[in-house]
Amino acid sequence: MVQGVSRQVIVVRSPDPRLFEQAIFIVKENAFGSGVSADAVVQEAQRVARGYIRQNTKTKGAKGALYRLLYFLLGALLSSGVWGTALFLASGI
């Protein structure tokens, strides 16, 4: 048995189905009472969904691979420097 309050929702289909199939937005009760049109609410939901996709796919692809390689090389260089310094100090020269 389902109990509770009825809510209005907006379902936005994903432009990139690799991330998610759809986004569901629960509309506030007073959203339409403040002079906002239904089209404006739908456009805002679409804008938020697009922003989420942009924000969470920034470092994907070639740019993300380049950053990962750069961080790997920087870590290897730093660890080599620490080991070299430790060996130099341990040798007593």
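1. Salt bridge. In this predicted model, Glu-44 pairs with Arg-47 in a salt bridge whose closest N and O atoms are 2.5 Å apart. A search of the whole structure gives 1 salt bridge. Both Glu-44 and Arg-47 belong to helix α1, where they sit 3 residues apart, about one turn of the helix. Side chains of opposite charge can pair when their charged atoms come close. Glu-44 has a relative accessible area of 37% and is partly exposed; Arg-47 is likewise partly exposed, at 47%.

2. Overall layout. The protein contains 2 helices and 2 strands. Read from the N terminus, the order of elements is β-β-α-α. Strand β1 covers residues 9-13 and helix α1 residues 38-56, while β2 spans 22-26 and α2 residues 61-91.

3. Burial and surface. Of the 93 residues in the protein, 14% are buried. The exposed surface amounts to about 8,200 Å², with carbon and sulfur atoms supplying 61% of that area. For contacts between residues at least 6 apart in sequence, the share joining residues at least 24 apart is 31%.

4. Nonpolar core. Which residues form the largest nonpolar core? Its 7 members are Ile-10, Val-12, Val-27, Ala-31, Val-41, Ala-45 and Ala-49. Two elements, β1 and α1, give two or more residues to this core. Helix α1 provides the largest share, 3 residues.

5. Surroundings of Val-12. Leaving aside residues up to four places away in sequence, Val-12 touches Gln-22, Ala-23, Phe-25, Ala-45, Gln-46 and Ala-49. Among these contacts, Ala-45 and Ala-49 are fellow members of the core.

6. Nonpolar surface patch. Val-9, Val-11, Ile-24 and Ile-26 make a nonpolar patch of about 380 Å² on the surface. Strands β1 and β2 each supply at least two of the patch residues. Is Val-11, one of the four, buried or partly exposed? Val-11 lies in strand β1, and its relative accessible area is 43%, so Val-11 counts as partly exposed. The patch can include Val-11 because residues with over 30% relative accessible area are eligible.

7. Aromatic pair. The count of aromatic pairs comes to 1. The ring centres of Tyr-67 and Tyr-71 are 6.4 Å apart and the ring planes stand at 20 degrees, so this pair is stacked. The cut-off used here is that planes under 30 degrees apart count as stacked. The centre distance should be read against the limit for pairing, which is within 6.5 Å. Both tyrosines lie in helix α2, 4 residues apart, about one turn of the helix. Tyr-67 is partly exposed, with a relative accessible area of 37%. Tyr-71 has a relative accessibility of 58% and therefore counts as exposed.

8. Ala-38 and Ile-10. Ala-38 is a residue of helix α1. With a relative accessible area of 44%, Ala-38 is partly exposed. Ala-38 and Ile-10 are separated by 28 residues in sequence, and the distance between their C-alpha atoms is 9.9 Å. Ile-10 is one of the residues of the largest nonpolar core.

Notes: Residues are numbered from 1 along each chain as its sequence is written. This is a predicted model: local features need pLDDT of at least 70, side-chain atom pairs count only at pLDDT 80 or more; totals for chains, interfaces and linings use all residues. Side-chain values use heavy atoms; hydrogens and water are left out. A nonpolar core is a set of buried Ala, Val, Leu, Ile, Met, Phe, Trp, Tyr and Cys residues joined through side-chain atoms within 4.5 Å. Buried means under 20% relative accessible area, exposed over 50%, partly exposed in between (1.4 Å probe, protein chains only). Contact means heavy atoms within 4.5 Å. Accessible areas come from the Shrake-Rupley method with a 1.4 Å probe; for residues, only the protein chains shown count as cover. A salt bridge is a side-chain nitrogen of Lys or Arg within 4 Å of a carboxyl oxygen of Asp or Glu. Patches are made of residues with over 30% relative accessible area and no salt bridge: like charges are joined within 9 Å, nonpolar side chains (Val, Leu, Ile, Met, Phe, Trp, Tyr) within 5 Å. Rings of Phe, Tyr and Trp (its six-membered ring) pair if their centres lie within 6.5 Å; planes under 30 degrees apart count as stacked, over 60 as edge-to-face and the rest as tilted.
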